[in-house]
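Please take a moment to look over the sequence and the model, and then follow along step by step.

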Amino acid sequence: EGTVGSDAFKQAVDRELMFFEEELRIYLVRIAAADKATLHEPALVARAITRLVFAIGATAMDLPPERDEELIRQLTEMVRMIIAGSRTVARVAARES
């Protein structure tokens, strides 16, 4: 069976991720507003980014340091793609309503 850690540990990790997601959501909404843009489902965008960064970070721990630069480049591009996609969906939804 693929279980890792105690229930208490998993709950603590989930609480921390939720905290980061909420902080990131607030930040993303502020940045979008400053750009006169909107995000489709900003909470889901924040969740996607947070979970992606967490997963990439876990992967990075097992990689040699010389891979860090490429991993950072890829992660940055992935985050940009998530945000651009959310902005595009919001624009399309606004035009359709």
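Glu 70 has a relative accessibility of 33%, so it counts as partly exposed, since that label covers the range between under 20%, which is buried, and over 50%, which is exposed. This is a predicted model, so please read each value here as computed from it. Arg 73 is also partly exposed, at a relative accessible area of 47%. The two side chains form a salt bridge, with 2.7 Å from N to O. Both residues belong to helix H3, where three residues, or about one turn of the helix, separate them. Why does that spacing suit a pair of side chains? An α-helix has 3.6 residues a turn, so residues three or four places apart point the same way.

Now let us stay with helix H3 itself, which runs over residues 68-96. Its 29 residues, at 1.5 Å a residue, should span 42 Å, and the C-alpha atoms at its ends are indeed 42 Å apart, so expectation and model agree. Some of its residues are hidden from the surroundings: Leu 71, Leu 75, Val 79, Ser 86, Arg 87 and Ala 90 are buried. What covers them? Among the elements that do so are helix H1 (7-34) and helix H2 (42-60).

Helix H1 has a salt bridge of its own to look at. There, the side chains of Glu 22 and Arg 25 meet at 2.7 Å, N to O. About one helical turn separates these two, because they are three residues apart in helix H1. Glu 22 has a relative accessible area of 37%, so it is partly exposed. Arg 25, with 24%, is partly exposed as well.

Next comes a pair that reaches from one helix to another. Arg 51 and Glu 21 join their side chains in a salt bridge, again 2.7 Å from N to O. Here the partners come from distant parts of the chain, as Arg 51 sits in helix H2 and Glu 21 in helix H1, 30 residues apart. Is each partner buried or partly exposed? Glu 21 counts as buried because its relative accessibility is 9%, whereas Arg 51, at 26%, counts as partly exposed.

To finish, step back and consider the salt bridges together. How many does the structure hold? There are seven, and the three pairs visited above, Arg 73 with Glu 70, Glu 22 with Arg 25, and Arg 51 with Glu 21, are among them.

Definitions and conventions
Residues numbered from 1 in each chain as written. Predicted model: local features only at pLDDT ≥ 70, side-chain atom pairs only at ≥ 80, totals over all residues. Heavy atoms only, no water. Helix = DSSP H or I, 4+ residues; strand = E, 2+ residues; numbered from the N terminus. Expected span 1.5 Å × (residues − 1). Buried < 20%, exposed > 50% of the residue type's maximum accessible area, 1.4 Å probe, protein only. Contact = heavy atoms within 4.5 Å. Salt bridge = Lys/Arg side-chain N within 4 Å of Asp/Glu carboxyl O.
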